[in-house]
Amino acid sequence: MISEIMASRDANNIVEERIHRMESLRAANIQVDSGREWRFEEGESDAVAASIVMFGLPAGDAFSARSALISFYPDGDARIVEPAYDAVQQQIRIFYPLSLFETQVEILRAHGEVICTYLESATMPHLNSAFLHGNMPVAEKLH
């Protein structure tokens, strides 16, 4: 578990936020399922519209994450909740509206190395966050 302080600015003052936990995964295997070939049966409540599954290694010695599941649901769906970290499965879980699917896939396309990071707030648990980011842009020749 990592405990550190991150400062962020708004228009009028500096807000100090204590990070209770940070997990980060360096992706080695990424599976993207756009869900286009799926046919949902009526009443199927667990179905996701699209997903990205990442497997890899922790991005540093202090981390334990080994996978990430990014689920996309129709915009406004009640299943779009705060991200979470499952310590037992060592998995970062992110829930996005379907309108953000292409944006997230573009991060995968544009970077040779993709990392998924989760930040858990100690003081404001409703502000937990998780996101994809890339370290090494893919060279223009490879696009």
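Helices and strands are DSSP runs, a helix having at least four residues and a strand at least two, and they are numbered from the N terminus. In these terms, the protein chain of this predicted model follows the pattern β-β-β-β-β-β-α-β-β when read along the sequence. The chain thus holds one helix and eight strands.

Of the 143 residues of the protein chain, 38% count as buried. The chain exposes about 8,900 Å², and carbon and sulfur atoms supply 52% of this area. Contacts were also examined by separation along the sequence. Among those between residues at least 6 apart in sequence, 56% join residues at least 24 apart.

Strand β4, which spans residues 67-73, pairs with two of the other strands considered here, β3 and β6. With strand β3 (residues 50-58), the pairing is antiparallel and extends over six bridges. Two positions illustrate this register: Ser51 stands opposite Ser71 of β4, and Met54 stands opposite Ala68 of β4. With strand β6 (residues 91-97), by contrast, β4 runs parallel, and seven bridges join the two. In β6, Tyr96 is the bridge partner of Phe72.

Burial was then considered strand by strand. Six of the seven residues of β4 are buried, so this strand is largely enclosed by the rest of the structure. For β3, seven of the nine residues are buried, and this strand is therefore also largely enclosed by the rest of the structure.

A pair of aromatic rings is described by the distance of the centres and the angle of the planes. A search of the whole structure finds three aromatic pairs. In one of them, the rings of Phe72 and Phe101 have their centres 5.1 Å apart and their planes at 85 degrees; because an angle over 60 degrees counts as edge-to-face, the pair is assigned to that class. This pair links distant parts of the chain, since Phe72 lies in strand β4 and Phe101 in helix α1 (residues 101-110), 29 residues apart.

Both partners lie below the cut-off for burial, which is under 20% relative accessible area. Phe72 is buried, with a relative accessible area of 0%, and Phe101 is buried, with a value of 8%. Ring pairs further link Phe72, Tyr96 and Phe101 into a cluster. Within this cluster, Phe72 is connected to Tyr96 of β6 as a bridge partner and to Phe101 of helix α1 through the edge-to-face ring pair.

Key. Residues numbered from 1 in each chain as written. Predicted model: local features only at pLDDT ≥ 70, side-chain atom pairs only at ≥ 80, totals over all residues. Heavy atoms only, no water. Buried < 20%, exposed > 50% of the residue type's maximum accessible area, 1.4 Å probe, protein only. Pairing = 2+ DSSP bridges. Contact = heavy atoms within 4.5 Å. Areas by Shrake-Rupley, 256 points an atom, 1.4 Å probe, with all protein chains shown as cover. Phe/Tyr/Trp six-rings, centres within 6.5 Å; stacked < 30°, edge-to-face > 60°.
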